[in-house]
Amino acid sequence: MKVTAEPVSRLIDELNKLPTIGPKTASRLAFYILRGSKDDAEALAQAIIDVKEKIVYCSECFNLTEQDPCPVCSSKDRDRQVLCVVEEPLDVVALEKTHEYNGLYHVLHGHIDPINGIMADDLRIRELVNRVKLGDVNEVILAMNPNVEGRATANYINRLLVPLGATISTLATGLPVGGDLEYADEITLSNALKGRRLI
Ligand SMILES: [Zn+2]
């Protein structure tokens with residue numbers, strides 16, 4: 001006998017697909033939604049639909065945006081000669097919070113991770129090389145996460161960019177090793193940016 005109604009188990013299954021949400025948390029969230037008001041449930045469903053319908057990739061930096069080019073790429077106040085390469089859109093949010101950086105960004109959407117089948121071609125690396133080739137970029141800051149995959153990705157990109165003549169730097173040490181950039185506090189990240197060193 002099935003004790004959970006089909007719509008409920010379907011919601012649990014969908015929530016269970018999200019990262020870090022195990023079956024227990026998925027059940028708890030599903031019952032929380034069930035107990036809540038219809039308005040709250042509709043607002044949640046609509047927010048999910050809106051991000052899928054209204055958010056696009058910026059055609060220049062590949063950050064997520066409502067308008068293309070994104071506000072950073074279309075701003076006249078940003079230094080277009082400096083490019084900061086990050087793994088994820090959340091890293092842009094973290095770096096913007098430091099108020100220490102005034103250049104442009106390039107979002108790779110991941111890192112090279114052959115064990116999990118993620119190769120250079122799965123990331124926005126080709127687009128980065130083209131940007132450096134065609135634009136008037138003279139410094140590229142490789143702001144990858146301070147872990148093995150981040151370092152491997154930075155080394156790979158460095159090899160591609162060196163022949164193009166741009167100055168290439170990485171964030172200073174001091175970031176928590178193995179952690180993600182997005183979780184670094186503003187002062188640590190700000191210092192890492194200020195103390196960046198040439199490769
Ligand atoms: Zn952009």
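Me: Contact here means heavy atoms within 4.5 Å. Among contacts in the chain between residues at least 6 apart in sequence, what share joins residues at least 24 apart?

Reply: Keep in mind that this is a predicted model. The pool is contacts between residues at least 6 apart in sequence. Within that pool, the share joining residues at least 24 apart comes to 55%.

Me: What box do the C-alpha atoms of the chain fill?

Reply: Start with what's in the chain: eight helices and seven strands. Of its 199 residues, 38% are buried. Taken along the principal axes, the box filled by the C-alpha atoms is roughly 70 × 35 × 35 Å.

Me: Which strand gives the most to the largest nonpolar core?

Reply: That core has 41 residues, and those touching the most other members include Cys84, Val85 and Leu95. Elements giving two or more residues to this core include helix 4 (71–74), strand 3 (79–86), strand 4 (103–107) and strand 5 (139–142). With five residues, the top contributor is strand 3.

Me: Leaving out residues up to four places away in sequence, what does Leu161 touch?

Reply: Leu161 is one of the residues that touch the most other members of the largest nonpolar core. Once sequence neighbours up to four places away are set aside, its partners are Leu128, Val129, Val132, Val140, Ala166 and Ile168.

Me: How many residues are in the other core, the one with Val8 and Ile12?

Reply: This core lies apart from the largest one. Ile21 and Ala30 are also among its members. Its residue count is six.

Me: Is helix 1 parallel or oblique to helix 2?

Reply: Helix 1 (residues 6–16) and helix 2 (residues 23–35) have axes 8 Å apart and pack at about 130°. That angle makes helix 1, relative to helix 2, oblique.

Me: In the contact of helix 1 with helix 2, how many residues are nonpolar?

Reply: Helix 1 brings Val8, Leu11, Ile12, Leu15 and Asn16, while helix 2 meets them with residues including Pro23, Phe31 and Leu34. The crossing of these helices is right-handed. By class there are two polar residues and no charged ones, and the nonpolar count is eleven.

Me: At what angle do the axes of helix 6 and helix 7 cross?

Reply: The two axes come within 10 Å. Their crossing is right-handed. The contact is made by Ile125, Leu128, Val129 and Val132 of helix 6 with Tyr156, Ile157, Leu160 and Leu161 of helix 7, and it has eight nonpolar, no polar and no charged residues. As for the crossing angle, it's roughly 35°.

Me: Is Asn158 buried or exposed?

Reply: Asn158 sits in helix 7. Leaving aside neighbours within four places in sequence, Asn158 contacts Leu142, Ile168 and Ile199. Buried means under 20% relative accessible area. Asn158 has 13%, so it counts as buried.

Me: How far apart in space are Asn158 and Ser169, C-alpha to C-alpha?

Reply: Along the sequence, Asn158 and Ser169 are eleven residues apart. In space, going C-alpha to C-alpha, their separation is 9.1 Å.

Definitions and conventions. Residues numbered from 1 in each chain as written. Predicted model: local features only at pLDDT ≥ 70, side-chain atom pairs only at ≥ 80, totals over all residues. Heavy atoms only, no water. Core = buried A, V, L, I, M, F, W, Y, C linked by side-chain atoms within 4.5 Å. Buried < 20%, exposed > 50% of the residue type's maximum accessible area, 1.4 Å probe, protein only. Helix = DSSP H or I, 4+ residues; strand = E, 2+ residues; numbered from the N terminus. Axes fitted to C-alpha atoms, helices over the stretch in contact; angles between N-to-C directions. Parallel < 35°, antiparallel > 145°, perpendicular 65-115°, else oblique. Left-handed = near helix turned anticlockwise from the far one by under 90°. Nonpolar A, V, L, I, M, F, W, Y, C, P; charged D, E, K, R; others polar.
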